[in-house]
Structure formats: structure tokens, C-alpha cells
Amino acid sequence: MALLQKIWLATWLPGICVIALYCMSLDASLSEIFAGVAIFLLGMDFLENGFKGFSGGLLEKILTRWTNSRLKSLCFGVVTTILMQSSTLVTIISISFLSAGLITLTQAIGIVFGANLGTTTGGWIIAGVGMKMDIAKFAMPLIVLAVLLGFQKSQGTKSLGNIFAGIGFFFLGIAYIKSGFEGYKDALDLSAYASGSGKDLFIFVMAGIVITSVVQSSFATLTIIISALFAGSITYDNALGLVVGTNIGGVVTALVASVSANIDGKRLAIINTLFNLIIAFIALVFLEYFKLIVEVISRLSGIKESDYALKIAVFHTLYNALAVLLMAPYIQVFVSIALRFIKSKVSADMDAPIYLNDTIVSYPTTALQALTNEIKHLYDNVFSVIAHSIGLSRSSICAGLDTKDLLKEKWYASGTNINDAYYHKVKVLFDAIIDFVTKAQSNAHDEEFIKLSNEASVAARNLSEATKNMMLLEKNLKKYATGSNKDMADEYNLLRVEIVKILSTIESLKFLENPSYEEIESILKQERKNLTKLDKNAIAKVEKHLRQKTLSATNATSLLNDIAFASSMGKKLLKAVAKIYQLSFDRHNLAATQGEQKH
């Protein structure tokens with residue numbers, strides 16, 4: 001995504017700025033239109049920041065509770081979009097939370113479908129209020145109030161100020177756009193393209209796609225469409241084509257955002273695109289029937305024959321409601337298609353972060369959840385690498401077999417090179433975790449989040465260092481445990497036993513019923529004591545072998561070093577696991593701290 005942003009900044013953005021400035025210099029009315037769009041988008045930015053400031057874990061809790069069914073997911077998408085007035089923003093948030101593992105793909109699809117319906121309220125606001133009265137007089141008091149609230153110390157008060165500013169700039173932007181089109185309607189006459197032919201319809205659909213892709217807001221584009229229609233610059237048929245194009249163009253921002261998301265985030269963006277393309281195709285094919293239904297609804301609801309602005313709002317709602325009605329029952333089909341045809345292109349040998357992406361760094365609670373999940377992912381990889389390094393598979397260790405029976409198995413032939421495994425399965429995730437923590441902390445102002453994310457970094461570092469110790473141990477372990485020197489083989493197999501005990505103990509924690517952190521820490525602490533004892537007794541053990549001449553001095557030195565490596569590896573692994581459980585228990589502290597700050 002960073003590369004796309006650089007390309008945008010280096011190529012398209014300068015050109016668009018130059019063209020906009022030139023056009024504004026030609027006509028004062030056009031300046032008003034461009035200024036209105038700019039103010040409108042500024043309002044969106046304020047509104048987004050305002051809702052982010054109120055998240056504090058609340059949005060994540062609502063997601064967990066209110067998206068556990070298809071109907072709830074749809075309702076959540078509708079309500080959040082009505083509040084934020086941006087289906088694109090809700091879709092991007094859904095991609096982020098899906099990538100963080102907070103919601104499933106099925107839940108995310110329901111939210112996105114609901115967001116498409118929720119965004120239709122914007123049309124009613126613009127057509128029913130924005131075009132019928134001077135809403136600029138409401139904008140100024142809201143902006144003044146927002147400035148006053150912005151100077152307060154409370155984060156919650158500042159966030160409320162941002163929301164008021166967003167609404168105020170929305171209203172002001174609509175007023176400027178409306179005024180601009182009223183002064184520009186004589187110069188902008190598109191009646192020549194009002195024949196209703198397929199060619200003319202295609203032109204306006206494409207125009208809607210382009211405008212929405214550039215301004216990155218379907219609400220802003222809808223404001224432009226209804227303002228132009230109200231001013232008589234375009235016809236009703238022109239506006240219908242533009243509205244269809246607006247829905248398609250709205251997916252562009254979400255597609256760009258999905259570039260940095262995981263595979264599920266990409267699947268959601270593609271499904272959202274398919275959703276909008278399918279209903280756009282249906283609407284264009286049956287446009288005349290849609291127009292008849294709009295006329296019927298308008299007559300029944302008392303909308304005047306000449307009030308085409310409100311008819312556009314009716315069409316927009318009908319269009320998206322039908323889409324949700326037709327496709328919501330088939331959400332699971334969309335999931336199945338996505339899972340089957342959209343697969344990760346990452347090499348089987350090279351892992352990649354599953355839960356981390358840059359779009360969630362502004363949401364501390366979500367970022368911490370993603371971070372915890374990613375460290376668990378890293379732990380799973382480290383567990384497998386260590387298991388393979390001692391000649392066993394993860395499944396064998398997790399099966400709960402007796403240690404002696406495990407060691408009787410043939411040395412596990414995985415073909416895994418531990419050096420490659422470290423760089424492809426461990427280091428790549430460790431680097432991503434550290435990079436994510438750095439970015440998240442630069443966006444955070446909460447000491448509790450910074451503390452917990454630092455602990456997450458420590459856990460990741462311990463996992464990485466545990467693997468490095470295993471790299472130092474692995475070669476001798478395999479060489480001597482399978483060698484001809486029975487005494488040497490016995491000692492190295494005892495090391496394998498100790499490592500198996502550690503891994504088995506860690507796995508057993510998953511089966512404890514409602515354990516406290518103190519209970520888990522006590523179990524892990526005992527394992528660390530056992531390793532300290534193993535390290536302490538190492539010299540005495542080696543000296544005994546030397547006295548009995550069962551090992552050469554070279555072998556004895558190797559054994560002494562490898563016991564130290566095994567002890568260090570085990571301790572770092574146990575410390576990392578303790579941190580992971582601590583993070584899981586302490587995440588609620590972040591939400592609680594943020595809740596206190598808001599009050």
C-alpha cells in the first residue's frame with residue numbers, strides 16, 4: 001500500500017492539483033464546487049478521527065457481541081455507516097478487524113453488505129435537507145462548538161469536538177457545492193447526453209466511477225450528483241447512471257486498503273467488489289423497471305413528480321436494499337468461493353504475518369489483539385521448529401505420548417533445515433512484529449498500550465532467541481543422539497527429554513479450566529527451576545564422565561556447551577509463553593484505562 005501511495009503522490013496527485021487550480025481560476029462557481037468537495041472531505045476526516053477517539057475497545061466489544069449472526073452483522077454495518085456516513089470507511093475498518101482476527105470472514109461480509117445499505121441515508125440527508133434549506137447556518141455553530149471542545153483536555157471531549165466539526169464541515173461543503181452548481185448550471189449543460197441510450201448511460205456510469213475513485217467518498221460524489229441535478233446541470237437519467245457508477249467506484253479505496261491486509265482481508269475486498277458489480281449489472285439491465293418502482297414508491301410516499309433529488313435517494317436505497325436482499329442469503333456461498341479461488345501467493349517455505357496490517361495501528365485495543373494473535377502465530381512456528389530439531393513432529397508431542405515412547409520413534413525426517421526455518425518462519429514474523437509495534441506506538445498516547453506492546457516485543461524477542469539457541473544445539477543433538485557412543489547418545493537423548501517436557505508442559509496449559517495467570521506462571525516457573533538445576537548439575541555430570549573415561553574431553557566440552565544452550569533455549573521459550581498469557585489476561589486493562597481517560 002505504501003508503494004501505491006508513493007505512486008499516487010508522485011504522479012496523479014500533482015496533476016490533479018494543477019488541473020483543479022487551473023479550473024478554479026477560470027470560474028468562481030467552479031471554485032465553489034471544488035471548495036465544497038474539499039470542505040466535505042475535510043468533514044469526513046474529522047468525523048473519522050472523532051469516532052476513532054471514542055473506540056477505546058468499545059467498537060471491538062460491539063463487534064464481538066453484535067456480529068455473531070448474519071442479521072446482526074448486517075445491522076451493525078447499517079448502523080455504523082449511518083453514524084459515520086462512509087461505507088468505504090466501514091469496509092476498511094472491517095478489513096482491518098478481519099486481518100486482526102477479531103471477526104470472521106462471514107461476519108465481515110455481513111458488515112460490508114449492511115454498510116452498502118447504510119450509506120443510502122446520505123442521499124436522503126442531501127436531497128431532503130441539504131437541497132431544501134440553507135444548512136450553512138447550522139454549520140457555523142457546530143464548527144465553533146467543535147473548536148471550543150477541541151481545546152479541552154479530555155480525549156472524549158476532543159473526540160466529540162471532532163464529530164461536531166465533521167458534521168459542520170459536511171453541511172458547509174454541501175452548501176458550497178449546491179451554490180457552485182447553481183451558478184454554473186448555464187455553463188454546464190449535459191442535456192445532449194440525456195437520450196437514455198446505452199452509450200450515454202455508460203458514459204455517466206464511468207463518470208461516477210472516476211469521480212468516486214478520485215474523491216474516495218461515495219457520499220461526496222452523491223452530494224455532487226444531487227446538487228448538479230437540483231441545479232438542472234444534469235438530467236434524472238444522467239443522475240441514475242452516476243449513482244450506479246458511484247457504488248462501483250466506492251470499492252476502489254477498499255481494494256487499495258486490502259493490499260496491506262492478510263489473505264482474508266483481500267478476500268473481503270474482492271467479495272465487496274463482486275457484490276457491487278453484480279448489483280450494478282442487474283440495475284443497468286433492468287433500469288426501466290427500477291424507474292417504474294421508484295415512481296410507485298414516490299407517489300405512495302408523497303414525493304412530488306418534479307422532485308428528482310428525492311427520487312434519486314429512493315433509487316439509491318432501492319438499489320442497495322435489493323442487493324442486500326438478493327445476496328445476503330448467499331453469504332456462505334461467497335465465503336466458499338473466496339476460500340476456493342483466492343489463495344495466498346506466499347511461498348510454502350516463507351511465512352508471513354497473518355494478523356498485522358498498518359490500517360489498525362490507530363486502534364490500540366485492536367492493535368494489541370492483533371499483536372497477541374501474531375505472537376501466538378510466531379510461537380506455533382517456533383514450537384514446530386524446535387520439535388523438528390529434536391527429531392519429532394509437533395503432532396507427536398501434542399498427542400501426549402510417553403516421552404520414552406516418543407524417543408523410540410524414528411528420527412523425524414521433515415527435511416527441515418533449521419537455518420532456513422529460522423529465516424522463513426521465525427525472523428520474518430519477528431521483524432514484522434517489531435515494525436508493527438513501532439508504528440502502533442507512534443500513533444498511541446496511552447501509557448498502558450505502550451507498556452503492553454513493549455511486553456509483546458519482549459515475548460517475540462525471546463521466541464526468536466530461543467530458536468537461535470536451538471540452531472546452535474541442533475547439529476550436535478542429531479549427531480550424538482543417533483551416534484555410536486552409547487553414553488553420549490544417552491546424554492543427548494536426556495536433553496531431548498527435557499525439551500519434550502517443556503513443550504508438553506506448555507501445551508498442557510491450553511487444557512486448564514479457567515486458570516488464573518498466577519497458576520500458569522507457577523507451572524512455568526517450576527519448569528524454569530528444573531532448567532536451572534539441569535544447568536547447575538552439568539559440570540558435575542561431565543566431570544563424572546571424564547573420571548570414568550566414558551567421554552573424551554572434546555565430547556565432554558560439547559555436552560557442557562549444549563546443556564547450556566538447551567537450558568537457555570528452554571528458559572527463553574518459557575518466558576515468552578508467560579508473556580503471551582500475561583498479554584491475554586491484561587488486554588482488558590487497556591480498554592479500562594482508555595475508558596477512564598474519556599471520563
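Accessible areas here come from the Shrake-Rupley method with a 1.4 Å probe, and for residues only the protein chains shown count as cover. The model is predicted, so that local features need pLDDT of at least 70 and side-chain atom pairs count only at pLDDT 80 or more, while totals for chains, interfaces and linings use all residues. Residues are numbered from 1 along each chain as its sequence is written, and side-chain values use heavy atoms, with hydrogens and water left out.

**Exercise 1.** Describe the accessible surface and the secondary structure of the protein chain.

Solution. The accessible surface comes to about 27,800 Å², and 62% of it belongs to carbon and sulfur atoms. Turning to secondary structure, the chain has 25 helices and 0 strands, where helices (H or I, at least four residues) and strands (E, at least two) are DSSP runs numbered from the N terminus.

**Exercise 2.** Work out the setting of Glu 474.

Solution. Begin with the helix: Glu 474 is found in H22, which covers residues 447-481. Next, Glu 474 is buried (under 20% relative accessible area, with exposed over 50% and partly exposed in between, 1.4 Å probe, protein chains only). Glu 474 nevertheless has no salt bridge (a side-chain nitrogen of Lys or Arg within 4 Å of a carboxyl oxygen of Asp or Glu), and the nearest side chain of opposite charge, that of Lys 478, is 5.8 Å away; here Lys and Arg count as positive and Asp and Glu as negative, with His and the chain ends not counted.

**Exercise 3.** Find the loop that holds Asn 514, and decide whether Asn 514 is buried or exposed.

Solution. Asn 514 sits between helix H23 (486-508) and helix H24 (517-547). Asn 514 counts as exposed because its relative accessibility is 78%.
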